[in-house]
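Q: I would like to go through the unusual backbone spots in this structure. Could we take them one at a time?

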Amino acid sequence: MNAALAPAPALSRGADTTLTDQLSARFSERIRQRLIAPGTRLPSVRECARRHGVSAYTVVAAYDQLLAQGLVEARRQRGFFVREITPEPARTAATKTARAPLPISATTLMRGMFQPPGALPMPGLGTLPVEWLDLPMLSTALRRVSSGAQLGPLALQYGEPAGDLRLRRVLATRLADHGVVASAEQIVTTIGATHALDVVTRSLVRAGECVLVDEPGWSVEYARLAALGMRVLPVPRGEDGPDLAVMQRLIEQHHPRLYVTVSVLHNPTGASLSLGVAHRLLKLAQAHDLHIVEDDSYAHLAPPHLPRMAALDALERTIYVSGFSKILAPNWRVGYIAAPPSLVDRLVDTKLLTTLTTPGLTEQALAHCLEHGLLRRHAERVMVKLDAARSRSVKLAESHGCRFASPPRGLFGWVDVGVDTERLARAMLDDGWLLAPGALFHATHRPTTLMRINFATTQDARFWRALAQARAGI
């Protein structure tokens, strides 16, 4: 029998080590002893969770540890496979005391998004609850635009390189609501906001060059830039925006060409850029030939009056990026870039090289939702639910001895729980709660008592009771 599939003793919830570490160690031992042959496919996340009586998130974290140890490899859309291993070098005192790999990584959170919904809400994820989303609206829009009369001959071709013109025109009108003046010709559609950020970065920065980022900030962005061979320069992010004194020193020392920021409802703090800091930042960018990438992914969850840098400088130094998966559905991958006219052709060329085209059907369906006010009304309903959820989550957090490091706003809260949140995340993962510890939001790893919560998924008193219990054991 394949040792990866063989029956195994139950994992122990009362042991000194977490379920994640136990499961990882079990597979590691079998792989190193050649009981599981190189090339063998490990059980799927769902099947492994069922077999061992643990959550899918525990399995994902255990497989991540095996990846970090070089024992398995992930093959796209196929699963995890055992690698050929070489004999381990002699262990020194330093390696014996090295810390265990962190089970909650940006990759763990991303994989968690692809797991089927479980019995527990996931405080660490960045998406809205499924029951808040409007599937009938999306279905109706798709049916409308997929009829023969509406779809047109472009549906049988590649479509327009910059994206569906109907959508780009609607987006230009929507941008005007934020004070951003852009023509349809200045807009390039993408497969979500993450793809938009990737297109901009690939177009303007080369491997080996430096990029300024917010810290704290989203670790996926740090990892994405590093994977492209770029050097990440973290700038401390405060309540009103980036620390401009630190930014100026970094600019003078390293001459970066790009600064990537979330100016409105910053992830993870929920803070927004003040008007004063925005003006000073734009002057700094102008003086040092710096482009600013303004990621406005949370625009639909934000008050309309908050300033955008793209509006203040009329898309001169600023490149505006946004998307719709946060408000419509995670799988509705439509994003866009609004850029200075001089950069548009370069961005389109990069888009063509990375994806060739973007799906016209979903772009036209989105245009229908925008044109008829369907998205606006849906966003208003979500905002009402989010306001109520935030109020409940804040009360629960504070009643369990937690405090907010930044005033609660938007979708995310930046919470101080009083203990190392990496250790807390490891403890709570065993019981099926996936957290986002604060270490994920720093470019360089550091212990912290902070973590990010999703207000929409932390209204459950069971979570806060479990957190208090796990915190007491640390």
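The exchange below concerns backbone geometry.

Q: What kind of model is this?
A: This is a predicted model, in which local features need pLDDT of at least 70, side-chain atom pairs count only at pLDDT 80 or more, and totals for chains, interfaces and linings use all residues. Residues are numbered from 1 along each chain as its sequence is written, and side-chain values use heavy atoms, with hydrogens and water left out.

Q: What is usual for phi and for peptide bonds?
A: Most residues other than glycine have a negative phi, and most peptide bonds are trans.

Q: Is the bond from glutamate 215 to proline 216 cis or trans?
A: That bond is cis, with omega near 5°. Proline 216 lies in the loop between strand S4 (210–215) and helix H10 (219–227). Helices (H or I, at least four residues) and strands (E, at least two) are DSSP runs, numbered from the N terminus.

Q: And which bond joins asparagine 267 and proline 268?
A: A cis peptide bond joins them, with omega about 20°. Proline 268 sits in the loop between strand S6 (258–261) and helix H12 (275–287).

Q: Changing topic: what is the phi of histidine 255?
A: Histidine 255 is not a glycine, yet its phi is positive, about 55°. This residue is in the loop between helix H11 (244–254) and S6.

Q: Where is leucine 265, then?
A: Leucine 265 is in the loop between S6 and H12. Its phi is also positive, about 55°, although leucine 265 is not a glycine.

Q: Is leucine 265 buried or exposed?
A: Leucine 265 is buried, at 7% relative accessibility, whereas histidine 255 is exposed, with a relative accessible area of 59%. Buried means under 20% relative accessible area, exposed over 50%, and partly exposed in between (1.4 Å probe, protein chains only).
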